[in-house]
Amino acid sequence: QEHLVESGGGLVQAGGSLRLSCAVSGAFRSVNGMDWYRQTPGKQRELVARINSSGRTTYADSVNDRFTISRDNAKNMVYLKMDSLKPEDTAVYYCNTDPVIIINGRNYWGQGTQVTVSS
């Protein structure tokens, strides 16, 4: 059973925009925070944006003022609007709850969605 399903990635030119979506299964909908992470080959997963239960948002310095995280609690969805994209934003993007979902003692991650920004 998939508990996190990310979508919306793709290939975009530098300066362009994408909107990522994440569907969270009802069993794991978070009453706390929701996060977006990204990962590139050989590097650790990086937290890029967080939204808490009150709607307060925080961002990594590298994406501040370009990315916007939002959530729709009624639909169990979280979104990441990405503007002014740069080649260094190229990564696989994942969502998760805060704290991350743990199943059988291990952190659970969805399949992610690939974002590729061409120069």
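Modeller: Let's start with Tyr 37, Tyr 94 and Trp 109, which form one aromatic cluster. Keep in mind that this is a predicted model.

Biologist: Happy to. What describes a pair of aromatic rings?

Modeller: The distance of the centres and the angle of the planes describe such a pair. In this model, the count comes to two aromatic pairs. For Tyr 37 and Trp 109, the ring centres are 5.0 Å apart and the planes stand at 90°, so this pair is edge-to-face.

Biologist: Where in the chain do Tyr 37 and Trp 109 lie?

Modeller: Tyr 37 belongs to strand β4 (residues 33-39), while Trp 109 is in the loop between β11 (106-107) and β12 (113-118). They are 72 residues apart, so the pair links distant parts of the chain.

Biologist: And why is the pair of Tyr 94 and Trp 109 edge-to-face?

Modeller: Their planes meet at 75°, and planes over 60 degrees apart count as edge-to-face. The centres of these two rings lie 5.9 Å apart. Tyr 94 sits in strand β9 (residues 91-98), 15 residues from Trp 109.

Biologist: Is each ring residue of the cluster buried or partly exposed?

Modeller: Buried means under 20% relative accessible area. Tyr 37, at 13%, therefore counts as buried, and Tyr 94 is buried with 11%. Trp 109, at 23% relative accessibility, counts as partly exposed.

Biologist: Which residue lies over the face of Trp 109?

Modeller: That is Arg 45, at 4.0 Å from the ring centre. Elsewhere, the charged end of Arg 19 sits over the ring of Tyr 79, 4.0 Å from its centre.

Key. Residues are numbered from 1 along each chain as its sequence is written. This is a predicted model: local features need pLDDT of at least 70, side-chain atom pairs count only at pLDDT 80 or more; totals for chains, interfaces and linings use all residues. Side-chain values use heavy atoms; hydrogens and water are left out. Rings of Phe, Tyr and Trp (its six-membered ring) pair if their centres lie within 6.5 Å; planes under 30 degrees apart count as stacked, over 60 as edge-to-face and the rest as tilted. Helices (H or I, at least four residues) and strands (E, at least two) are DSSP runs, numbered from the N terminus. Buried means under 20% relative accessible area, exposed over 50%, partly exposed in between (1.4 Å probe, protein chains only). A charge sits over a ring if NZ of Lys or CZ of Arg is within 6 Å of the ring centre and within 35 degrees of the ring normal.
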